[in-house]
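Hi everyone, and thanks for coming. I'd like to walk you through one structure today, going from a few single residues to the way the helices pack.

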Amino acid sequence: MKETFFNLPPDKKNRVIESALIEFASSGYEKTSLDAVINRAGISKGGLYEYIDSKKDLFTYILTHAYESLFNYIMDRNPENGEFPSDPLERTRSISSIAVDFYIQSPQIISFIVTSSQVGDMSIRSHVQEVFDSYFLKLYESCDFTLLKFESGKVLTLLKWLLIKTRNVFHEGLLQGGSKSECKERYINEWKFYLSVLKDGIY
C-alpha cells in the first residue's frame, strides 16, 4: 500500500478496507474487480490508485489486516493471569473458544480468511499460507512440548489442520443458514471430541 493510504482519514480508510474485505470474501481474489471495491467504498477510480499499486497489493494488505485482527482479538482475551496455558492442547482449547466468538462478531473477516485460502494463483496462495503460519506459530511459541510423545512440529501441523477444518465447517454452517448459537455449539463440541482423542494419543 502507498503512504497516501495510511494518511487517509480513519473513516475513508475503513471504507476501503471493509469494501475490499466484502468483495474479496464474496467473489474470491480472481473474480474481484477493483471497480467493485471502488463502487462499494464510494471513492473515485483515480483515488484508489493513489492508495494502492495493484489488486494484489490491496489483497495482501487485507490478508494481513484480517489475520492481525483475529490474532489481536485472541491475545486481548487471554486468561485472567495474562498467559495462555503452556500445554499445547489446553492452549488450543482456550484459543478455539475465543476464536469462535471472533468468527461470530466479524463474519466478513472470517469469510475473507476462508476464501483467501482457495486462491488459484499459486504464488499468492503460498503467501496466504505464509501469513497464516506466522500468526499460528505466534500463538504457540511459548508452549511446553516436553511431555509430547511426538515431534512438536508434527503436533503443531495436526493442530493447524484441525483449526482450519473447524473454522471452515463453522463458516459453512453459517452460509447454510445455521444460527450462530447452533454453529458455535457444534464447533465447541467438535473441539471437545478432538482434544479428548488427542490427549490420549500424543502424551
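Before anything else, a word on one term: I'll call a residue buried when its relative accessible area is under 20%, and exposed when that value is over 50%, with partly exposed in between. Please also keep in mind that this is a predicted model.

Let's start with Leu 89, which sits in helix H6. Its relative accessible area is 3%, so Leu 89 is buried. What does Leu 89 touch, once we set aside residues up to four places away in sequence? The list is Leu 159, Leu 195, Leu 198, Lys 199, Ile 202 and Tyr 203. Two of those names will come back later, since Leu 159 belongs to H9 and Leu 198 to H10 in the contact between those helices. For a sense of distance, take Leu 89 and Gly 178: they are 89 residues apart in sequence, and their C-alpha atoms are 28 Å apart in space.

Staying with H6, let's look at how this helix meets H5. Helix H5 covers residues 55–76 and helix H6 covers residues 88–105. Their axes come within 9 Å and cross at roughly 130°. An angle like that makes H5 and H6 oblique to each other, and the crossing is right-handed. On the H5 side, the contact is made by Ser 69, Leu 70, Tyr 73 and Ile 74. H6 brings Ile 95, Ile 98, Ala 99, Asp 101, Phe 102, Tyr 103 and Gln 105. Sorted by class, this contact has 8 nonpolar, 2 polar and 1 charged residues.

H5 has a second partner to show you, and that is H7. Here the axes come within 10 Å and cross at roughly 125°. H5 and H7 are therefore oblique to each other, and this crossing is left-handed. From H5 we have Phe 59, Ile 62, Leu 63, Ala 66, Tyr 67, Ser 69 and Leu 70. From H7 we have Ile 109, Phe 112, Ile 113 and Ser 116. The tally is 9 nonpolar and 2 polar residues, with no charged ones. If Ser 69 and Leu 70 sound familiar, that's fair: they are listed in the contact of H5 with H6 and again in the contact of H5 with H7.

While we're on H7, which spans residues 107–116, let me point out Thr 115 in that helix. Is Thr 115 buried or exposed? With a relative accessibility of 16%, Thr 115 counts as buried. Leaving out neighbours within four places in sequence, Thr 115 is in contact with Phe 24, Ala 25 and Gly 28.

Now for a residue with another kind of setting. Arg 40 is in helix H3, residues 34–41, and at 46% relative accessibility Arg 40 counts as partly exposed. Beyond its neighbours within four places in sequence, Arg 40 contacts Ser 19, Ile 22 and Glu 23. Arg 40 and Ser 19 are 21 residues apart in sequence, with 5.7 Å between their C-alpha atoms.

Next, the pair I promised earlier, H9 and H10. Helix H9 runs over residues 152–175 and helix H10 over residues 180–201; their axes come within 9 Å and cross at roughly 160°. That makes H9 roughly antiparallel to H10, and the crossing is right-handed. Among the H9 residues in this contact are Leu 158, Leu 159, Leu 162, Leu 163, Thr 166, Arg 167 and Phe 170. They meet H10 residues including Cys 183, Tyr 187, Trp 191, Tyr 194 and Leu 198. In full, the contact divides into 12 nonpolar, 2 polar and 5 charged residues.

Let's zoom in on Tyr 187 of helix H10. Its relative accessible area is 1%, so Tyr 187 is buried. Apart from residues up to four places away in sequence, Tyr 187 touches Ser 96, Ala 99, Val 100, Tyr 103, Thr 166, Arg 167 and Phe 170. Ala 99 and Tyr 103 are also H6 residues in the contact with H5.

Last, the cysteines. How many disulfides does the structure hold? The count is 0. Cys 183 is buried at 2% relative accessible area, and Cys 143 is buried at 11%.

That's my tour, and I'm happy to go back to any of these spots with you.

How values were computed. Residues are numbered from 1 along each chain as its sequence is written. This is a predicted model: local features need pLDDT of at least 70, side-chain atom pairs count only at pLDDT 80 or more; totals for chains, interfaces and linings use all residues. Side-chain values use heavy atoms; hydrogens and water are left out. Axes are lines fitted to C-alpha atoms, for helices over the stretch in contact, and angles run from 0 to 180 degrees between N-to-C directions. Helices (H or I, at least four residues) and strands (E, at least two) are DSSP runs, numbered from the N terminus. Angles under 35 degrees count as roughly parallel, over 145 as roughly antiparallel, 65 to 115 as roughly perpendicular and the rest as oblique. A crossing is left-handed if the near helix is turned anticlockwise from the far one by less than a right angle, and right-handed if clockwise. Contact means heavy atoms within 4.5 Å. Ala, Val, Leu, Ile, Met, Phe, Trp, Tyr, Cys and Pro count as nonpolar, Asp, Glu, Lys and Arg as charged, and the others, Gly among them, as polar. A disulfide is a pair of cysteine sulfur atoms within 2.5 Å. Buried means under 20% relative accessible area, exposed over 50%, partly exposed in between (1.4 Å probe, protein chains only).
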